[in-house]
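Reader: I am new to reading structures, and I would like to understand the reasons behind the words used for them. Could we go through this one together?

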Amino acid sequence: MNLKLNSSSSLYPNEMANENIKLQPEIKGSLSTLSSTLLVSGGFFVYFLLQGSILLSLLGVIVPTVIIFAYSKYLKQTTYTITDEKVEYDREIFGHTNQEIPIKRIQNTRLKRSFLQKKMGGYGTIYISTAGSRGSDLTLRSIGNSKNIHRKISELDNALYDDDYSSEETPSNTEALDVSTEATKLREASEKFRKVITDSRNTTTGDTNA
Amino acid sequence: MHEHFTEDDVEPGEQINWTKQPHFASQIGGLILGVILIPFGGIGLLLLASIYLNLKYTTYSLTNKALYKKTGWLSDTVQRVSLEKIQDTEYSQSWAEKKFGFGTIDFSTAGGSGTELQFRAISDPQKSRKEINELSSKLEEKKKVSNQVTQTADQQELARELKETRENLEKVIELLE
């Protein structure tokens, strides 16, 4: 897989670089999208071959080749990055688009795999819905190993909550102290302190008087 | 028998509480129409086959963390909603559905508008919804408890500070006496 590193500065400084998953849409996973193109051009090829005009039938080979080549180039410009804090979409064609979704904002996810994608080896498309407005959802299109990626996103989502719970497992230290009783004891000690001071002062003043 | 929804679809370590499939009676109209159309050739059989596949390859599931809906025979779609993210639930049953003991549950999350996930023609909708809501609020509760624990941890810290201050003070008193 061709990994493309982008130097865009991240909003999340403490994310771990080694946990990042970088993905790109793959042409093999997009074959269902291209199937109509291939079908039409195939028909074109066969029809003109039977008509006997080889030059025209060659068009039925050249055109889809160019389309597929251009499409795969286009797909190479798109990168999806999954870290433990966010899912990011980055596309550098006709300008630059970068979209980020924090994992905790993910509301629901959907994995869709067509028959062809399943047969080609685990390709699929993941749709991510966020808590924000309707239009801003993210789609990871035609990515490989889609099932595991979908599971990974669920896992990251749950990990956020598990972190919240983890403090529960470490109960606060050995002796249980009560704030109010400790405060009372402190007050009593300070009163004693005051008494001792006044007592000693009284005795010293008494001594000088005597 | 082929299992449509398996452990393979959920996150590792996630436990599946139950999986349910739509009740066949929800398709009663189509089934009757299919049977009627059988004498007229393939259409009836096609209709029956599509209804069969539709019922067989639709699975609803509750795990300890999320709700899943998986549909599709040759292609498939897996939809997942975390239990923490569920905002409100609604179930509905028509009169006939009530007789057969199934109904529809709608789940909404904070995202988008309307229903995000729908469990159609599920048996015991009332009980299922109750189960889901209980699990969801249990997770919510767990989150609250963990917040309380951190709060009491802060209080413990404060109490310890108070205690140490008192002990210091007592030492000072001892020195003076």
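**Contacts and crossings**

Author: In this predicted model, the contact between the chains takes 44 residues from chain B and 40 residues from chain A. On the side of chain B that touches chain A, the largest share, 22 residues, comes from α4(B), and by class this side has 16 nonpolar, 14 polar and 14 charged residues.

Reader: What makes β5 of chain A and β4(B) a pair of strands?

Author: Two strands pair if at least two bridges are found between them. Strand β5 (residues 106-113) of chain A and β4(B) have six bridges, in the antiparallel sense, and therefore they count as paired. To take one residue of chain A, Lys112(A) has Thr77(B) as its bridge partner in β4(B).

Reader: Why is α1(B) called roughly antiparallel to α2(B)?

Author: The axes of helix α1 (residues 28-37) of chain B and helix α2 (residues 42-56) of chain B cross at roughly 155 degrees and come within 7 Å. Because angles over 145 degrees count as roughly antiparallel, the crossing angle makes α1(B) roughly antiparallel to α2(B). The crossing of these two helices, α1(B) and α2(B), is left-handed.

Reader: Which residues of α1(B) and α2(B) meet, and how do they divide by class?

Author: From α1(B), the residues Gly30(B), Leu31(B), Leu33(B), Gly34(B), Val35(B) and Leu37(B) meet Ile43(B), Gly44(B), Leu47(B), Leu48(B) and Ile51(B) of α2(B). The residues of this contact divide into eight nonpolar, three polar and no charged, and Gly30(B), Gly34(B) and Gly44(B) are counted as polar because Gly belongs to that class here.

Conventions:
Residues numbered from 1 in each chain as written. Chains lettered and ligands numbered in written order. Predicted model: local features only at pLDDT ≥ 70, side-chain atom pairs only at ≥ 80, totals over all residues. Contact = placed C-beta atoms within 7 Å. Helix = DSSP H or I, 4+ residues; strand = E, 2+ residues; numbered from the N terminus. Axes fitted to C-alpha atoms, helices over the stretch in contact; angles between N-to-C directions. Parallel < 35°, antiparallel > 145°, perpendicular 65-115°, else oblique. Left-handed = near helix turned anticlockwise from the far one by under 90°.
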